Amino acid sequence: MEPGGGRQGTLMKPDPEQLRSSLAGLGFDVVRFTSVGGNTPGGAAFSSWLEQNHHGEMGWLRRSEAKRLNPQLVLEGAQSMILLGVNYGNRPPDDAGPIWARYALHRDYHDTIKPALESAGKVIETWGELTARDYRYYVDTGPVLERSWAARAGVGFTGKNAMLMSRDYGNWLFLAAILVRCRLPSDEPVSHRWEDHPVGTLCGHCTACMDACPTDALVSPGELDARRCISYLTIEHKGVIPQEWRSAIGDRIYGCDICAEVCPWNRFAQTAKSILLEKRNHIDQLSLREILTLTPESFAAVFKGTAVKRLKLRGLLRNACVVAANQGAVDLLPELVKLALHPEPLVRAHAVWAVRVLGGEQRIESLRQSEQERIVLAEYEAELTT
Ligand code: B12
Ligand code: SF4
Ligand code: SF4
């Protein structure tokens, strides 16, 4: 029997273009196909990245290494992968307040793209006379090297900033992948040199992203040390932000798009229009004072349905304290002093640091006597380097 179950095995289905247009009709801006045969693109780079501990505390990436390197462990009998893109970026950040990653200004893409993938599954079933066991879809959180497969499928090319860069949409593209147990004709990659030169195929001599990164996290073209990356430090990293990176975080309260924003390829990016996006622009209207005074209730109400909710209030307050210190916001000292009494040690630690950076040390001196938590005491004692 064919891997993947008999009849539907290796047969090329009648009209792949019909499938492509039906999937585009669900709101996907890009629909590309590639074969999953041969070497897994980016596989060696991924293993070497893990070897160097560039993933930091994201242990789930290491745990899923075997699957990421072999789609057959994800869906036995898979023959093709459908790579989908949803264009989301067209709004420069509002310079006045704290800066949010652009993707955070929409309803959580995991929540909006998943139902569309579910519908895509139904389309695939009808189109190919397949069953739900013949495909598997993911957006972001699955064990699939989405950017590398997307490069092979010609969604775009890999920039020196490690982003998947589309000619039509720049890097403002969410990616999703569907593994299928049927053969689809492979679309061409952006450049035939892709296999030899996976990174920076169309970057030329430009190094704008590497030069602009405030923490030098792009340690070589296309290679990012997550432990230094502001996106990792403000979202994925759950503990105390190491002091050495705090000032480089600047105004970035959640995620970072600096290496994306400076990329000249984004000049050609079209305006986002997918029905899968729901703007939540009000988030970037919040002042730092409003953020520093959020309660569990107001946090839940404001960030409901956004990716930020997963950071939790303590993570957001941690980041807000860092931004307040970086902005020299002495007018926010009263709010920060209150946070030095917050029930979460993580918040107290960053509040203590911010108060000290802003010159308000004597205002929290009395709190120090009753402090028991090691991570907070360390902030009272630390030598300030900013
Ligand atoms: C872990 C992760 C992170 C980590 C690590 C990022 C990284 N660069 O590795 C952190 C938290 C830092 C992060 C940050 C961001 N992320 Co992220 N992240 C992921 C996740 C879950 C896995 C990525 C991964 O496996 N990284 C390991 C590296 C080695 O693999 P890679 O970057 O995917 O693949 C590269 C290498 O294989 C390389 N490569 C291939 N061959 C070779 C050969 C050589 C010699 C070299 C050097 C490299 C190389 O090219 C590939 C593309 O860069 C993916 C979703 C997924 N399932 O893939 C989303 C994903 C990559 N993230 C995404 C986004 C949007 C972001 C942010 C923009 C969010 C933000 N605004 O804060 C930033 C961008 C930072 C950046 N410049 O990469 C999108 C990217 C979309 C796109 N157009 O590229 C993805 C695909 C999620 C999605 N479904 O849309 N992310
Ligand atoms: S997201 Fe920000 S910190 Fe991370 S590599 Fe890009 S510019 Fe550097
Ligand atoms: S900024 Fe320049 S080097 Fe970086 S990805 Fe864009 S074109 Fe490539």
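**Contacts, burial and ligand shells**

Modeller: Neighbours up to four places away in sequence aside, His110 touches Val139, Asp140, Thr141 and Arg310. The model is predicted.

Colleague: Where does His110 sit, and why is His110 called buried?

Modeller: His110 belongs to helix α5, residues 109-128. Its relative accessible area is 10%, and buried means under 20%, so His110 is buried.

Colleague: What makes the pair His110 and Arg310 a polar contact?

Modeller: The side chains of His110 and Arg310 are joined at 3.1 Å. The limit for a pair of N or O atoms is 3.5 Å, so the pair of His110 and Arg310 qualifies as a polar contact.

Colleague: Asp140 is among the residues that His110 touches. Where is Asp140, and what is said about its phi?

Modeller: Asp140 lies in the loop between β4 and α6. Its phi is positive, about 70 degrees, although Asp140 is not a glycine. Most residues other than glycine have a negative phi.

Colleague: Why is Asp140 called partly exposed?

Modeller: Asp140 has 34% relative accessibility. Buried is under 20% and exposed is over 50%; the value for Asp140 falls in between, so Asp140 is partly exposed.

Colleague: Which class does Gly142 fall into, buried or exposed, and how do you know?

Modeller: Gly142 is in the loop between β4 (135-138) and α6. With 2% relative accessibility set against a cut-off of under 20%, Gly142 counts as buried. The C-alpha atoms of Gly142 and Val357 are 41 Å apart, with these positions 215 residues apart along the chain.

Colleague: What is said about the phi of Glu129, and which accessibility class does Glu129 fall into?

Modeller: Glu129, in the loop between α5 and β4, has a positive phi of about 50 degrees although it is not a glycine. Its relative accessibility is 53%, and exposed means over 50%, so Glu129 counts as exposed.

Colleague: How do you know how α12 is oriented against α13?

Modeller: Helix α12 (residues 296-303) and helix α13 (residues 312-326) pack at an angle of about 90 degrees, and their axes are 10 Å apart. Angles of 65 to 115 degrees count as roughly perpendicular, so α12 is roughly perpendicular to α13.

Colleague: Which residues meet there, and what are their classes?

Modeller: From α12 come Pro296, Phe299 and Phe303, and from α13 come Lys312, Leu313 and Leu316. By class, the contact of α12 with α13 has 5 nonpolar residues, no polar ones and 1 charged. Lys counts as charged, so the charged residue in this contact is Lys312.

Colleague: Val323 is also in helix α13. Why is Val323 called buried?

Modeller: The relative accessible area of Val323 is 0%. That is under 20%, so Val323 is buried. Beyond four places in sequence, the contacts of Val323 are Pro98, Gly250, Asp251, Arg252, Ile253 and Leu288. Val323 and Ile249 are 74 residues apart along the chain, and their C-alpha atoms are separated by 7.3 Å.

Colleague: What makes Arg228 partly exposed?

Modeller: Its relative accessible area is 26%. With buried under 20% and exposed over 50%, Arg228 is therefore partly exposed. Arg228 is in the loop between β9 (223-224) and α8. Its contacts outside the four nearest places in sequence are Thr215, Asp216, Ala217, Val219, Leu233 and Trp245.

Colleague: How many residues surround ligand 1, and which are closest?

Modeller: Ligand 1 is surrounded by 40 residues, and the closest are Glu146, Arg147, Ala162, Ser231 and Asp257. The shell comprises 26 nonpolar, 8 polar and 6 charged residues. Among the elements that each supply at least two shell residues are α2 (43-51), α6 (146-152) and β7 (173-180).

Colleague: What makes the approach of Glu146 to ligand 1 a polar contact?

Modeller: A polar side-chain atom of Glu146 is 2.7 Å from a nitrogen atom of ligand 1. The limit is 3.5 Å, so this pair of Glu146 and ligand 1 counts as a polar contact. A backbone N or O atom of Ala162 lies 2.6 Å from an oxygen atom of ligand 1, and a backbone N or O atom of Asn161 lies 2.8 Å from a nitrogen atom of ligand 1.

Colleague: Which classes of residue make up the shell around ligand 2?

Modeller: The shell around ligand 2 has 10 nonpolar residues, 1 polar and no charged ones. Its members include Cys213, Thr215, Cys229, Cys256 and Cys259. Cys counts as nonpolar, so these cysteines fall in the nonpolar group.

Terms used: Residues are numbered from 1 along each chain as its sequence is written. Chains are lettered from A and ligands numbered from 1 in the order in which they are written. This is a predicted model: local features need pLDDT of at least 70, side-chain atom pairs count only at pLDDT 80 or more; totals for chains, interfaces and linings use all residues. Side-chain values use heavy atoms; hydrogens and water are left out. A residue is near a molecule or strand if one of its heavy atoms lies within 4 Å of it. A polar contact is a pair of N or O atoms within 3.5 Å; within protein, one must be able to donate a hydrogen and the other to accept it, and residues adjacent in sequence count only if both atoms are side-chain atoms. Helices (H or I, at least four residues) and strands (E, at least two) are DSSP runs, numbered from the N terminus. Axes are lines fitted to C-alpha atoms, for helices over the stretch in contact, and angles run from 0 to 180 degrees between N-to-C directions. Angles under 35 degrees count as roughly parallel, over 145 as roughly antiparallel, 65 to 115 as roughly perpendicular and the rest as oblique. Contact means heavy atoms within 4.5 Å. Buried means under 20% relative accessible area, exposed over 50%, partly exposed in between (1.4 Å probe, protein chains only).
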